Amino acid sequence: MEKAKLGKGEGIFNSVAVTALAIYVVFIVVIIGSVVVYTSPKLLLKGIIAPTTLFSIKLSLWTSVLTTILAILMSIPAGYVLSRYNFKGKAVVDVILDLPISLPPLIMGMCLLVFFSDRNPLGSWIQEHIIT
């Protein structure tokens, strides 16, 4: 298999891209390494196996699995309907489904906080009957 010859511009672009990747990887390694250097191994292990840390890990795993299952159960039928059928308002439904992806996570988090707040009737009902 023969390698294609690169033009002058492509070689420069590849060099810049590899350099940027190397800088990014070194940056991440330095950040992770600083956590290890900043504290003693004993204190680091103590923090990792703390009950609050383990609870956070279990909660994150549980919610990510539940969210994945719910996303699969909702998105496959929605995608099927949107790809197979034409109906009035299809473009509006498509835009509404794209909103969570196109909005920044901070805005979506704020929307969820407002939705689940006591000031929202549905949010207060959820707090009273589902979240105890």
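1. Charges. In this predicted model, the protein carries 10 positive and 6 negative side chains. The centres of those two sets sit 9 Å apart. Please keep in mind, as you read on, that every value here comes from a predicted model.

2. Fold. The secondary structure is made up of six helices and zero strands. Followed along the sequence, that gives the pattern α-α-α-α-α-α. Two of the helices come up again below: H2, which covers residues 41-48, and H3, which covers residues 51-84.

3. Overall dimensions. The radius of gyration of the protein is 24 Å, whereas a compact globule of 132 residues would have one near 14 Å. Along the principal axes, the C-alpha atoms fill a box of roughly 60 × 55 × 30 Å. I would look at these two entries together when you turn the model on screen.

4. Burial and surface. How many of the 132 residues count as buried? The share is 5%. The protein exposes about 12000 Å², and 76% of that area is supplied by carbon and sulfur atoms.

5. Ile48. This residue lies in helix H2. Is Ile48 buried, exposed or partly exposed? Its relative accessible area is 44%, and because buried means under 20% and exposed means over 50%, Ile48 is partly exposed. Leaving aside residues up to four places away in sequence, Ile48 touches Thr53 and Leu54. Leu82 is another matter: Ile48 and Leu82 are 34 residues apart along the chain, and their C-alpha atoms are separated by 45 Å.

6. Gly79. Here we move to helix H3, where Gly79 is found. Gly79 has a relative accessible area of 35% and is partly exposed. Which distance separates Gly79 from Asp94 in space? From C-alpha to C-alpha it is 9.6 Å, with the two residues 15 apart in sequence.

7. The tyrosine pair. A search of the whole structure turns up two aromatic pairs. In one of them, the ring centres of Tyr80 and Tyr85 are 6.3 Å apart and the ring planes stand at 80 degrees, so this pair is edge-to-face. The reasoning rests on two cut-offs: ring centres have to lie within 6.5 Å for a pair, and planes over 60 degrees apart count as edge-to-face. As for accessibility, Tyr80 is partly exposed at 45%, and Tyr85 is partly exposed at 46%.

8. The phenylalanine pair. Phe115 and Phe116 also form an aromatic pair, and it is edge-to-face, with 4.9 Å from centre to centre and 80 degrees between the planes. Phe115 counts as partly exposed, at 32% relative accessibility. Phe116 is partly exposed too, with a relative accessible area of 32%.

9. To recap for your own notes: the predicted model has six helices and zero strands, a radius of gyration of 24 Å, and 5% of its residues counted as buried. The aromatic search gives two pairs, and the residues to revisit on screen include Ile48 in helix H2 and Gly79 in helix H3.

Terms used:
Residues are numbered from 1 along each chain as its sequence is written. This is a predicted model: local features need pLDDT of at least 70, side-chain atom pairs count only at pLDDT 80 or more; totals for chains, interfaces and linings use all residues. Side-chain values use heavy atoms; hydrogens and water are left out. Rings of Phe, Tyr and Trp (its six-membered ring) pair if their centres lie within 6.5 Å; planes under 30 degrees apart count as stacked, over 60 as edge-to-face and the rest as tilted. Buried means under 20% relative accessible area, exposed over 50%, partly exposed in between (1.4 Å probe, protein chains only). Helices (H or I, at least four residues) and strands (E, at least two) are DSSP runs, numbered from the N terminus. The radius of gyration is taken over C-alpha atoms; the globule rule is 2.2 Å times the number of residues to the power 0.38. Accessible areas come from the Shrake-Rupley method with a 1.4 Å probe; for residues, only the protein chains shown count as cover. Lys and Arg count as positive and Asp and Glu as negative; His and the chain ends are not counted. The place of a charge is taken as NZ of Lys, CZ of Arg, CG of Asp or CD of Glu. Contact means heavy atoms within 4.5 Å.
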